[in-house]
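Work through the exercises below with the model open. Try each task before reading its solution.

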Amino acid sequence: MEKMLGASNTTLLVAILALIAATLISYPFADQFTMPQQIGAHLGILFFAIMVKLSYIARLVCLKALGRPVH
């Protein structure tokens, strides 16, 4: 369960960073990217938001199974 907790923490961090990058590409810096890249970034926003949610749920499940406080 410790390995799964570490994996979910890592996935959560990567998903948050990727979500931030996709949001930056989609909106404030959109004029610096091609249309296919912008479309990919918009799809990335959906995908990475889902990954944030799933990895956070996995993190909570691991913490509960290990008997650690769940905030």
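The expected span of a helix is 1.5 Å times one less than its number of residues. Keep that rule at hand; the model is a predicted one.

**Exercise 1. Compare the span of each helix with its expected value.**

Step 1. Count the elements. The protein chain has two helices and zero strands.

Step 2. Take α2. Its 31 residues reach 45 Å from first C-alpha to last. The expected value is 45 Å, so α2 is close to it by the rule of 1.5 Å a residue.

Step 3. Take α1, residues 2–26. This helix has 25 residues and reaches 36 Å, close to the expected 36 Å.

Step 4. Look just past the end of α2. There Gly67 takes a positive phi of about 75 degrees.

**Exercise 2. Find the buried residues of each helix and what packs against them.**

Step 1. Apply the cut-off: buried means under 20% relative accessible area.

Step 2. List α1. Its buried residues are Leu5, Ser8, Leu12, Ala15, Ala18, Ala22 and Ser26.

Step 3. Find their partner. They pack against α2, residues 35–65.

Step 4. List α2. Here Gln38, Ala41, Gly44, Ile45, Val52, Ser55, Cys62 and Leu63 are buried. Their cover includes α1.

Step 5. Check the whole chain. Of its 71 residues, 23% count as buried.

**Exercise 3. Decide how exposed Ile20 and Leu17 are: buried, partly exposed or exposed?**

Step 1. Place them. Ile20 lies in helix α1. Leu17 lies in α1 too.

Step 2. Classify Ile20. Its relative accessibility is 46%, so Ile20 counts as partly exposed.

Step 3. Classify Leu17. Its relative accessibility is 51%, so Leu17 counts as exposed.

Step 4. Look at their surroundings. Leu13, Ile16, Leu17, Ile20, Leu24 and Phe29 make a nonpolar surface patch of about 530 Å².

Step 5. Look across from Ile20 to Gly44. The two are 24 residues apart in sequence and 10.0 Å apart in space, C-alpha to C-alpha.

**Exercise 4. Compare the overall dimensions of the chain with those of a compact globule.**

Step 1. Read the radius of gyration. The chain has 15 Å, but a compact globule of 71 residues would have one near 11 Å.

Step 2. Read the axes. The C-alpha trace spans about 50 × 20 × 15 Å along its principal axes.

Step 3. Check the contacts. Among those with a separation of 6 or more, 60% join residues 24 or more positions apart.

Step 4. Read the surface. The accessible surface comes to about 5000 Å², and 75% of it belongs to carbon and sulfur atoms.

Terms used: Residues are numbered from 1 along each chain as its sequence is written. This is a predicted model: local features need pLDDT of at least 70, side-chain atom pairs count only at pLDDT 80 or more; totals for chains, interfaces and linings use all residues. Side-chain values use heavy atoms; hydrogens and water are left out. Helices (H or I, at least four residues) and strands (E, at least two) are DSSP runs, numbered from the N terminus. Buried means under 20% relative accessible area, exposed over 50%, partly exposed in between (1.4 Å probe, protein chains only). Contact means heavy atoms within 4.5 Å. The radius of gyration is taken over C-alpha atoms; the globule rule is 2.2 Å times the number of residues to the power 0.38. Accessible areas come from the Shrake-Rupley method with a 1.4 Å probe; for residues, only the protein chains shown count as cover. Patches are made of residues with over 30% relative accessible area and no salt bridge: like charges are joined within 9 Å, nonpolar side chains (Val, Leu, Ile, Met, Phe, Trp, Tyr) within 5 Å. A salt bridge is a side-chain nitrogen of Lys or Arg within 4 Å of a carboxyl oxygen of Asp or Glu.
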